[in-house]
Amino acid sequence: MDQKSYRRGSFQSSTSDEDMLEIAGASLDFTVADDDPPLDREMGGFSSYNGGGMNGTSTMMDFLEEPLPGVGTYEDFNTIDWVREKSRDRDRHREITSRSKESTWALIHSVSDAFSGWLLMLLIGLLAGSLAGLIDISAHWMTDLKEGVCLAGFWFNHEHCCWKSNTTFTDRDKCPEWMSWSQLILGHGEGAFAYILNYFMYVAWALLFSLLAVLLVKGFAPYACGSGIPEIKTILSGFIIRGYLGKWTLIIKTITLVLAVSSGLSLGKEGPLVHVACCCGNILCHLFTKYRKNEAKRREVLSAAAAAGVSVAFGAPIGGVLFSLEEVSYYFPLKTLWRSFFAALVAAFTLRSINPFGNSRLVLFYVEFHMPWHLLELIPFILLGIFGGLWGAFFIRSNIAWCRRRKSTKLGRYPVLEVLVVTALTAILAFPNEYTRMSTSELISELFNDCGILDSSQLCEYVNDFNSTKGDDLPDRAAGPGVYTAMWQLALALLMKVFITIFTFGMKVPSGLFIPSMAVGAIAGRLLGVAMEQLAFYHHDWAIFSGWCSQGADCITPGLYAMVGAAACLGGVTRMTVSLVVIMFELTGGLEYIVPLMAAAMTSKWVADAIGREGIYDAHIRLNGYPFLEAKEEFSHKTLSMDVMRPRRSDPPLTVITQDSMTVEDVETIVNETTYSGYPVVVSRESQRLVGFVLRRDLIISIENARKKQEGIVSTSIIYFTDHSPPLPPSSPSMLKLRSILDLSPFTVTDQTPMEIVVDIFRKLGLRQCLVTHNGKLLGIITKKDVLKHIAQLANQDPDSILFN
Amino acid sequence: CAFLFPQASRMFAQCLQRCVSSVVLMALLCCLLSPPAEASKSSEDIRCKCICPPYRNVSGHIYNRNVSQKDCTCLHVVQPMPVPGSDVEAYCLLCECRYEERSTTTIKVIIIIYLSVVGALLLYMAFLVLVDPLIRKPDAYSQPLHNEEENEDARSLAASPAVPGARPNTVLERVEGAQQRWKRQVQEQRKTVFDRHKMLS
């Protein structure tokens, strides 16, 4: 048996991008493609298939008993067949239920099968929570490592180092155990030389961390870079990317995420945490047969894992579930809703028990204020929404332009250098400004915080009039000099963050963009809030303020403006709606603020949608050419299926297999000469009446196996897909029955079906291909890639940008 | 019944493999979760922090004491009291006292785990880059694996040291095979992401 003809590398698609139905060439070498260790892996090691103890002559029973290893699995960079997976799961479930009545062992098996989903969710929650705790604690420590080291134990970060000692009210950061680098090296912390030394150490540590991060990513797991959410969206819609959710990607992503965040780059860890949680989900799926073998069930688990990831990132279980529903998942059955919630809750509980922030809070910027807001404040909130929308659209356009440049020009050939240059730029620009030197999470936490009498930071340096202080209630106050300094420093920080994030998101280190967007919004919101506050203080008599903001009343809360600004900017970039509002109010605990948050989120979404239709993740999906069929867009053109189907008029006729008149050699020739992923089976070439559809991979595996294991199969053996073998003279070689790999119910549409309906069918059922008939006879085929190209063409985009199948 | 045995033995072998990996995973989870569980409340790890703002002519101050949660009030922690007896109540109303807990064991364990993993990965990378080529020099088949410009299809598959059909029997050979497979996988991923820019922009 000539194995070499079937041994093609799995990435041959680079040569045949123009070919409509091409896929990565078939490769029987599972060792290269797969990431998990399934059954017998060696080439030619098919000894462990069904009936190993039986005689090879009973050919009929073999194929009916159990499918061959490899039949029903998918190639890398292919789409799964949702219909087939779901029906397989239903068959399996039916079999287990019917067997459960036979013996106690089978009953236990059926009960454990039903229970396995919940056990899997529990494990995913535990693992995701533990990893998130590890990431939080390590990131905190390493961020502070850029500034100094703790003498009481090098593993303590700044806050924990000064935990035991008494700090002063005004200078809460200084304590004898924490030494900055200049203090350690020079012996004192004051003076120009100490400042320069601190500056230098900061930049040096930042460069070291980012260099380590990019080297680890490049060396061990190149799939660990970027945010991960666009690729996870594509995977959840049915695409297969082997290795993207594997062990090495998990380890490297966890480790390098900490390094990237600690190096002071303008990125966050929420998107990568979703990727980490999905990796956990994928790895733990291998413990349960039900999820290991079925790709559709596995994607249900991945949806739940994504919810757990957002839950630990923000401390928002409900927000996590809604994020998974709205942004990440493609199909979200109701059963997944309850399980996602369970996984998110377990993950949040695990993180809380590890207690990374020392105060039983899940997120660094958990604020709890309950100041009322006035209806007139909706105007500035809507202004913030407009700002968020504008910034979101601007960011998406510029980031995509920069990423496109990275893909196509020489910039993309120096990833390590690019990371180092951006880190150096960020560190050099960030150190002088106090608000960019601190980590972005701390900045957001400070901006969300409402100034009270207990605060002594620069931002809260208001002019205090002690005589009018009645207990705990603060009146509105004039801004002191500290506030003015903070304002222009924050404005500079805003400018820097707006521009540097464009170049940071998409680099070859794990990078998220929730935190940078929230930071931009929070700074803008705080600036507006302080401006409003001072306006109200100095102009009580104006008509707009006189009604509700009398002298001495604390009516405007800049912290709330910061929150609303953060929500607006995040909504403008990601176009989240419900999940954003729920995450924000789970972060703050303030149900009173739902209306301002909703107003800002809606305004920013409307403004951003008016400028550009796609959110950042959809834009990245389109940039990379993933075969993602957008579920939310309407298809509004009047084309028919015969305009889209293949073969076109100028193409050679459709390659079909007849049901009982082709030999093994004929089929092998067809498979070798074409690169289609499947072939329709017809009754005969003259009648072209449809019997079913057979996949290329299944054909190859079955024929290979038959040549080895079955007696009498030679090149001139007839292959038949019918129930009973066709009548042939007794001297002919024994025939090969392949009915078991034939899909007897392929989806068909007529050639006059409008494309609207066809696109709807593809979306709702998750099809890979659909056959087109005319007057009952097979005419052509439409694949998912054809549909995507057609949509792209009609939207005046480049149809050749759809790269994968 | 007779035909169940080969299947059963195969399933047992897979089950064993999976069980081993799941046991390792459970051990890792327990390792991560046990530090907080076993951390008893040593005096190092609890504190009551009271922040008192400036009041009349008394400047603001922060007080730290390790008392239990029920004793975490202004009267127990703020000592010596800076204001005379009549003003104590008014002063304490302004102060905010919070009980905080942490686990130094958790922090220490996690940081040490993290640093050791990073160190191990760096050592492994150094080994792969520096030592491995020297060991493999006599084996001419593995050279193409390191050369990324080569056409990966024919060479890498033909050059794989695992001869099809011959099962790697010893543990060392199996580890070798797994490592070669993994290296090829990483190389493919690197090509897709870094060279051809097909994924992840």
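How many bridges join strand 4 of chain A to strand 7 of chain A, and in which direction do the two strands run? The close-up views below come from a predicted model, and the first of them takes up this pair.

**View 1. Strands 4, 7 and 8 of chain A form an open sheet.** Strand 4 of chain A and strand 7 (residues 718-720) of chain A are joined by 2 bridges and run antiparallel. Within this pair, A:Met662 stands opposite A:Ile719 of strand 7. The sheet has 3 strands in the order 4-7-8, and its pairing is mixed. Strand 4 (662-663) and strand 8 (736-737) of chain A are the edge strands; each has a single partner strand, so one side of each lacks a neighbour in the sheet.

**View 2. Helix 27 of chain A packs against helix 28 of chain A.** Helix 27 covers residues 664-673 and helix 28 covers residues 696-709; their axes are 11 Å apart and the packing angle is about 140°. Because angles over 145 degrees count as roughly antiparallel, this pair falls short of that class and helix 27 of chain A is oblique to helix 28 of chain A. The crossing of helix 27 of chain A past helix 28 of chain A is left-handed. On helix 27 of chain A the contact is made by A:Val664, A:Val667, A:Glu668 and A:Val671, and on helix 28 of chain A by A:Arg696, A:Leu699, A:Ile700, A:Ile703 and A:Arg707. By class, 6 of the contact residues are nonpolar, none is polar and 3 are charged.

**View 3. The segments of chain A that UniProt annotates as a CBS domain.** The unreviewed UniProt entry places the feature "domain: CBS" at residues 645-709 and 735-801 of chain A. Over residues 645-709 of chain A, 37% of the chain is helix and 23% is strand. The end C-alpha atoms of this stretch are 39 Å apart.

**View 4. Strands 10, 11 and 12 of chain A form an open sheet with a helix lying across them.** The 3 strands are in the order 10-11-12, with mixed pairing. Strand 10 (748-750) and strand 12 (777-783) of chain A are the edge strands, each pairing on one side only. With direction ignored, neighbouring strands of this sheet are turned by 35° against each other on average. Strand 10 of chain A and strand 11 (residues 769-774) of chain A run parallel and are joined by 3 bridges. A:Thr750 stands opposite A:Thr773 of strand 11. Helix 29 (residues 755-765) of chain A lies across strand 10, strand 11 and strand 12, and runs at about 65° to strand 12 of chain A.

**View 5. Helix 7 of chain A and helix 9 of chain A cross at roughly 165°.** The axes of helix 7 (residues 192-220) and helix 9 (residues 247-262) come within 8 Å. The two helices of chain A are therefore roughly antiparallel to each other, and helix 7 passes helix 9 in a left-handed crossing. Helix 7 of chain A contributes A:Phe209, A:Leu212, A:Ala213, A:Leu216, A:Val217 and A:Phe220 to the contact, while helix 9 of chain A contributes A:Trp248, A:Ile252, A:Ile255, A:Thr256, A:Leu259, A:Ala260 and A:Ser262. This contact has 11 nonpolar residues, 2 polar residues and no charged residues.

**View 6. Residues 109-131 of chain B are listed by UniProt as a "transmembrane region".** The listing comes from an unreviewed entry. Over residues 109-131 of chain B the chain is 100% helix and 0% strand. The end C-alpha atoms of the stretch are 31 Å apart.

Terms used. Residues numbered from 1 in each chain as written. Chains lettered and ligands numbered in written order. Predicted model: local features only at pLDDT ≥ 70, side-chain atom pairs only at ≥ 80, totals over all residues. Heavy atoms only, no water. Axes fitted to C-alpha atoms, helices over the stretch in contact; angles between N-to-C directions. Helix = DSSP H or I, 4+ residues; strand = E, 2+ residues; numbered from the N terminus. Parallel < 35°, antiparallel > 145°, perpendicular 65-115°, else oblique. Left-handed = near helix turned anticlockwise from the far one by under 90°. Contact = heavy atoms within 4.5 Å. Nonpolar A, V, L, I, M, F, W, Y, C, P; charged D, E, K, R; others polar. UniProt positions renumbered as here; feature names shortened; annotations may be inferred. Pairing = 2+ DSSP bridges.
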